[in-house]
Amino acid sequence: MNEVLAVFLWWLIIEILGLVALPLTVRLFRHLPDRGYALAKPLGLLLVSYVLWIGATFGLLHNNVGGIVFSILAVGAFSGRFYARGEKDDSLFSLLRNRRWVIVVSETLFALAFGLWALYRAYNPQIAGTEKPMEFAFLNAVLRSETFPPHDPWLSGFAISYYYFGYLMMAVLTKLSGVPSGIAFNLGIALLFALTMTGAFSLVYNLVKGAEKPSPSSGPLNPIFHGLLGSILVAVIGNLEGFLEVLHAKGIGPAGFWRWLDLKDLGKPPTTNTWLPTRYLWWWRASRIIHDRDLLGNDMEVIDEFPFFSFLLGDMHPHVLALPFVLLALALAFNWLLSRRKLSWPELSLTALCLGALGFLNTWDFPIYLFIAIAAYAVQRYGHHRALNTNWLKEVGYTAVLLAALGFAFYLPFYIGFQSQAGGLLPTLFTITRLNQYLVIFGLFVFALVGFLVVRVIELLSLRGQDGERVLSSRALLLDWLRVLVWMAILPPLAMFVAIMPVVATERGRAFLQGVLDSEPVRQVIGQQTLVSLLLKSLELRLSNPWFFLFSVSLIALVIVLILYESRITLSPSVLFVLLMAFTALLLAFSVEFVYLKDSFGTRMNTIFKFYFQAWVLLAVTGAFCVYYVAGRGRIGWVRSLWLAGFGALFLAGMVYPLAAGYTKAGGFKSEPTLDGTAYMAEHNPDDYAAIQWLNENVKGAPVILEATGGSYTYYGRVSSQTGLPTLLGWDFHEVQWRGSGEEGNKRKPDIKTIYGTLDAQVALTLMDKYDVEYVYVGSLERGRYPSAALDKFDYIMDVVYQRGAVTIYKRR
């Protein structure tokens, strides 16, 4: 297929889905200044995908073009009905005409972001390395599955045990467009980038527009400018590591500074004297800023990705697939805050459907944005009741329980079959984040937030009541801040204590504790191996480097105090919502200092990854609003100018990463552009490429195909990944992560070895019957691993349906 046509088809389809959901969107988001126009696209995609999923799960629909078209028509009918039953106001056309500027900017931004990122992906399209083969396997498996849940391509006979809703969405667009999945994978990354840009634009636009004082001179330019700034801060800008990389590559900065910073690879003397870093995969380091060590000083892997890194890397991972819908959830929460009334059942149900989708997209996100939505509603209803009374508590509690229950219930079929590696909370004992590394990641946003908080404190202290007296005194503010500060200093250790209790009280927990006590670092560093000695060592480490703790509790306490004051005094929805986002972001980063979610990695690596990624989104949106607020409200001109100069300098430093890393990752834009992510195989593995093309063209449905297994992050699993056909075992460690156990995989490894390696044809046939194997793939990996005499048996017991070069594909007779 012509790749330019493929780009156009995807753009056209997402526009159609947006138009189908537009009547529903403008009614649901009627309290937002832009009526949620830019959010119609992700909302339409979500609803159509949900109807298809629920229909195909219960056997009412098939996962094909007909089922998708039916889902579109169903959503369109519901959208029109929802709009018609709402409050009578201007016609849909009039509502949109009055917002033509924001619509034009939104559509232009979407088209440019989608087209330009598709072009960028064409210079670096390979679906290889990192976890792309896994993601491609899921996409292809969903495309091959007639009903849901889709089959697991790397564990035949089982369904996918992972949050696969995002892959289903991409499969919907792939089927409608008829685009090959190798091209669709890269178009999906471009689409997610564009939807993230427009979602951030819409959210910040509405925050700024909602904070502006109505006047004849107020127009759309200021909110549009800051909306565009918000889209850049969320999706384009990088952390400060890129700027530091450039300085290090050029040899700027004393050795002591780099040792103090303690970023991996930057503590060594530079090997070049160029502005553009040349170290292999230097751009990767920006996602590994937090430098944890064990008690012996050994490095521990920590992931702290941010959106642009993820888009640059090109992995279609759940945290990226969920990004546009995270922004949709934030817009829904802000819409609640603006509504100043109780929610109707249809509104509550639709909100629960959208929030619940986050659990199916990237399960970690559901509780985070559920909390923000409930907090926004709680603040809104407090403004109605004007007191934290029983009625307020009942109303908020009822809504919170109902929202969480519905969000879970709407996706119950997914949770019924879902297994996870998560094993509860564990205390963070010996790893502590250093403030300098935290600021390398979030420094730009923290600078913006602190400026905003200072301006807002000054404004609150200057407010006067009708009697001319100050509404708030500086002494009262200080005392309230100190009270909250004390609680913030006490609660985290309590949370850590709560996390320790199950460890002590259960046999599984005691086994974990004994493993910690018996570990080499603990035995060498801590003499007395008891729980008390562990806690004392943890306290010692924290006291030796308390700066991030002190910084976080001070900032979080101030944000909490301002939320309380804003709720009682001003009730400015935009300011309140920004404070809620800031509080959540700061708390996410702070929480992993004390607890983390137990998983297969055994460290806080994955918890930091998931929490920091969402903290970035929240702080980026907050930061864009803070720039608007400080720039327009600063009392002292020269101080405001100085602050804006500081923000501008940090902004430019943050833009170094996307420019330099983008150029490096694309190989200087020297290659022949193509969106086909599988084209690289034609050059590097032509026999596998041709065989996989044949399988995709000639094998329908999802019969089991046997290929060699070799482990995660390898070339093994390439056939099942690129066809979606289920194999006995693909990446084994990933199956452990998805299912919490490697029991099934461990059973299959010797059977796979026997099928390929035995000389006894009957033994091989018996095992193939056991796993319902229909095809056997023999390529260079299999020939390099098993003796040719054993592989020759397939010539006698199966039919050769494909042979070219080193690859032979056999089919059962």
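The following exercises, each with a worked solution, concern a predicted model.

**Exercise 1. Cysteines**

Determine how many disulfides the structure contains, and state whether Cys354 and Cys626 are buried or exposed.

Solution. Step 1: a disulfide is a covalent bond between the sulfur atoms of two cysteines. Step 2: the search requires a pair of cysteine sulfur atoms within 2.5 Å, and over the whole structure it returns 0 disulfides. Step 3: the burial criterion is a relative accessible area under 20%. Cys354 has 2% relative accessibility and therefore counts as buried; Cys626, at 0%, is buried as well.

**Exercise 2. The surroundings of Thr198**

Locate Thr198 in the secondary structure, classify its accessibility and list its contacts beyond four places in sequence.

Solution. Step 1: Thr198 belongs to helix 8, which covers residues 181–211. Step 2: its relative accessibility is 2%, so Thr198 is classed as buried. Step 3: with residues up to four places away set aside, Thr198 touches Ala38, Ser106, Leu109 and Phe110.

**Exercise 3. Geometry and burial of helix 17**

Compare the span of helix 17 with the expected value, then identify its buried residues and what covers them.

Solution. Step 1: helix 17 comprises 20 residues, 390–409. Step 2: the distance from its first C-alpha to its last is 28 Å, close to the 28 Å expected at 1.5 Å a residue. Step 3: the buried residues of helix 17 are Trp392, Glu395, Val396, Thr399, Ala400, Leu402, Leu403, Leu406 and Gly407. Step 4: their cover includes helix 14 (323–339), helix 15 (345–361) and helix 16 (365–385).

**Exercise 4. An aromatic pair**

State how many aromatic pairs are found, and characterise the one formed by Phe445 and Trp616.

Solution. Step 1: the whole structure yields 71 aromatic pairs. Step 2: in the pair of Phe445 and Trp616, the centres are 4.8 Å apart and the planes make an angle of 85°. Planes over 60 degrees apart count as edge-to-face, and this pair is accordingly edge-to-face. Step 3: Phe445 lies in helix 19 (residues 435–462) and Trp616 in helix 26 (residues 605–633), so the pair ties together parts 171 residues apart in sequence. Step 4: Phe445 is buried at 2% relative accessible area, and Trp616 is buried at 1%.

**Exercise 5. Charges over rings**

Identify the ring over which the charged end of Arg27 sits, and the ring whose face Lys793 lies over.

Solution. Step 1: the charged end of Arg27 is placed over the ring of Tyr83, 4.4 Å from its centre. Step 2: Lys793 lies over the face of Phe794, with 4.4 Å to the ring centre.

**Exercise 6. Nonpolar cores**

Describe the largest nonpolar core and the contacts of Met170.

Solution. Step 1: the largest core has 246 residues, of which Met170, Tyr369 and Phe452 touch the most other members. Step 2: helix 8 contributes the most to this core, with 20 residues. Step 3: beyond four places in sequence, Met170 is in contact with Trp10, Leu45, Leu139, Gly188, Leu191, Leu192, Met316 and Leu321. Step 4: apart from the largest core lies another, of 25 residues, including Leu706, Val778, Leu791 and Met798.

**Exercise 7. A loop residue**

Place Gln419 in the structure and relate it to Ser741.

Solution. Step 1: Gln419 occupies the loop between helix 18 (412–416) and strand 3 (425–427). Step 2: at 38% relative accessibility, Gln419 counts as partly exposed. Step 3: Gln419 and Ser741 are 322 residues apart in sequence, with a C-alpha to C-alpha distance of 9.4 Å. Step 4: neighbours within four places aside, Gln419 is in contact with Ser161, Trp738 and Arg739.

Technical notes
Residues numbered from 1 in each chain as written. Predicted model: local features only at pLDDT ≥ 70, side-chain atom pairs only at ≥ 80, totals over all residues. Heavy atoms only, no water. Buried < 20%, exposed > 50% of the residue type's maximum accessible area, 1.4 Å probe, protein only. Helix = DSSP H or I, 4+ residues; strand = E, 2+ residues; numbered from the N terminus. Contact = heavy atoms within 4.5 Å. Expected span 1.5 Å × (residues − 1). Phe/Tyr/Trp six-rings, centres within 6.5 Å; stacked < 30°, edge-to-face > 60°. Lys NZ or Arg CZ within 6 Å of the ring centre and 35° of its normal. Core = buried A, V, L, I, M, F, W, Y, C linked by side-chain atoms within 4.5 Å.
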